[in-house]
Amino acid sequence: SSGINAEWPLRPGKKRDVMVSISSESKPEKVQKKSDPTENLDPASKRALTEFKSQMAKVVVNILGKYNKVDCKVGRIMDNNDFKYLARKLTHGLTEKEMSRKAVTDLAITDNLKQRVKLYITNYMGKFGPIYHKT
């Protein structure tokens, strides 16, 4: 161990009872990044996934739009930053969910998927009561 031993400065007449050891072995561990689900995909699959995610974002923003209106009774989104946060969070989450169900090349926005996304968002926003608050 090539650690450095250092003592706290002492006032004259005080006992030395505190010692600090600084060692190069106590470096903080690196934080592991989230794994990227697209890192092992070929370029064609990446393009397909990007296109799917773009289409999913349009569907999510379209559905969330009604929660941004003044006459919304449940889950009203008051802030534009909250709207953007929710749109991004839901788009990524729902895309991941679909990727777990189907192969990347089979991903497509269908009427059935739109209905499921609408139901999911309706249930999700219903949890917040009259006004959405970021958790």
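This is a short talk through one predicted protein model, from the overall layout down to a few single residues.

Okay, let's start with the big picture. The chain has 135 residues, and it holds three helices and two strands. Reading from the N terminus, the order is β-β-α-α-α. Buried residues make up 24% of the chain. The accessible surface comes to about 10,500 Å², and 53% of that belongs to carbon and sulfur atoms. As for contacts, take the ones with a separation of 6 or more: residues 24 or more positions apart account for 63% of them.

Now, since this is a prediction, a word on confidence. The average pLDDT for the chain is 82, and 72% of the residues score at least 70. Which element has the lowest mean pLDDT, and which the highest? The lowest is strand S1, residues 4–7, with a mean of 49, while helix H3, residues 111–126, comes out highest at 95. Where pLDDT is low, the predicted coordinates should not be read in detail. I'll spend my time on the helices.

First up, helix H1, which runs over 43–64. At 1.5 Å a residue, its 22 residues should span 32 Å, and the end C-alpha atoms are 31 Å apart, so that agrees. Its buried residues are Ser-45, Leu-49, Phe-52, Met-56, Val-59, Val-60, Ile-63 and Leu-64. If you look down the axis of H1, those buried residues fall within an arc of 120°, so they line one face of the helix. The general background is that an α-helix has 3.6 residues a turn, so residues three or four places apart point the same way. On the face of H1 turned away from the buried side you find the exposed residues Pro-43, Arg-47, Thr-50, Lys-58 and Asn-62. And what does the buried side of H1 pack against? The answer is H2 and H3.

One more residue on H1 before we move on. Lys-46 lies in this helix, and it counts as partly exposed because its relative accessibility is 35%. Its C-alpha is 8.3 Å from that of Val-104, although the two are 58 residues apart along the chain.

Next, helix H2, residues 80–101. This one has 22 residues and reaches 32 Å from first C-alpha to last, close to the 32 Å expected. The buried residues in H2 are Asp-82, Phe-83, Leu-86, Ala-87, Leu-90, Thr-91, Leu-94, Thr-95, Glu-98 and Met-99. Their cover includes H1 and H3.

Let's zoom in on Thr-91, in H2. Buried or exposed? Thr-91 has 6% relative accessibility, so it counts as buried. Setting aside residues up to four places away in sequence, Thr-91 touches Lys-53, Met-56, Ala-57 and Val-60.

Then comes the loop between H2 and H3, where Leu-107 sits. Leu-107 has a relative accessible area of 11%, so it is buried too. Apart from neighbours within four places in sequence, its contacts are Leu-49, Phe-52, Glu-98, Met-99 and Lys-102. Leu-107 is also 12 residues from Thr-95 in sequence, and their C-alpha atoms are 9.1 Å apart.

On to helix H3. Its 16 residues should span 22 Å, and the end C-alpha atoms are 22 Å apart, so the two agree. Buried here are Leu-113, Val-117, Ile-121, Tyr-124 and Met-125. Looking down the axis of H3, they fall within an arc of 95°, so they line one face of the helix. The face turned away carries the exposed residues Asp-111, Gln-115 and Leu-119. What covers the buried side of H3 includes H1 and H2.

Finally, the core. In soluble globular proteins, nonpolar side chains tend to be buried together. In this model the largest nonpolar core has 25 residues, and the members touching the most others are Leu-64, Val-117, Ile-121 and Met-125. H1, H2 and H3 each supply at least two residues of this core. Which helix gives the most? That's H1, with seven residues.

Met-125 makes a nice last stop. Leaving aside neighbours within four places in sequence, Met-125 is in contact with Leu-64, Tyr-67, Val-74, Gly-75, Ile-77, Leu-86 and Tyr-132. So if you open the model yourself, Met-125 is one of the residues to click on when you want to look at the core.

Terms used: Residues are numbered from 1 along each chain as its sequence is written. This is a predicted model: local features need pLDDT of at least 70, side-chain atom pairs count only at pLDDT 80 or more; totals for chains, interfaces and linings use all residues. Side-chain values use heavy atoms; hydrogens and water are left out. Helices (H or I, at least four residues) and strands (E, at least two) are DSSP runs, numbered from the N terminus. Buried means under 20% relative accessible area, exposed over 50%, partly exposed in between (1.4 Å probe, protein chains only). Contact means heavy atoms within 4.5 Å. Accessible areas come from the Shrake-Rupley method with a 1.4 Å probe; for residues, only the protein chains shown count as cover. pLDDT is the predictor's confidence in each residue, from 0 to 100. A nonpolar core is a set of buried Ala, Val, Leu, Ile, Met, Phe, Trp, Tyr and Cys residues joined through side-chain atoms within 4.5 Å. The expected span of a helix is 1.5 Å times one less than its number of residues. The arc is that of the directions from the helix axis to the C-beta atoms.
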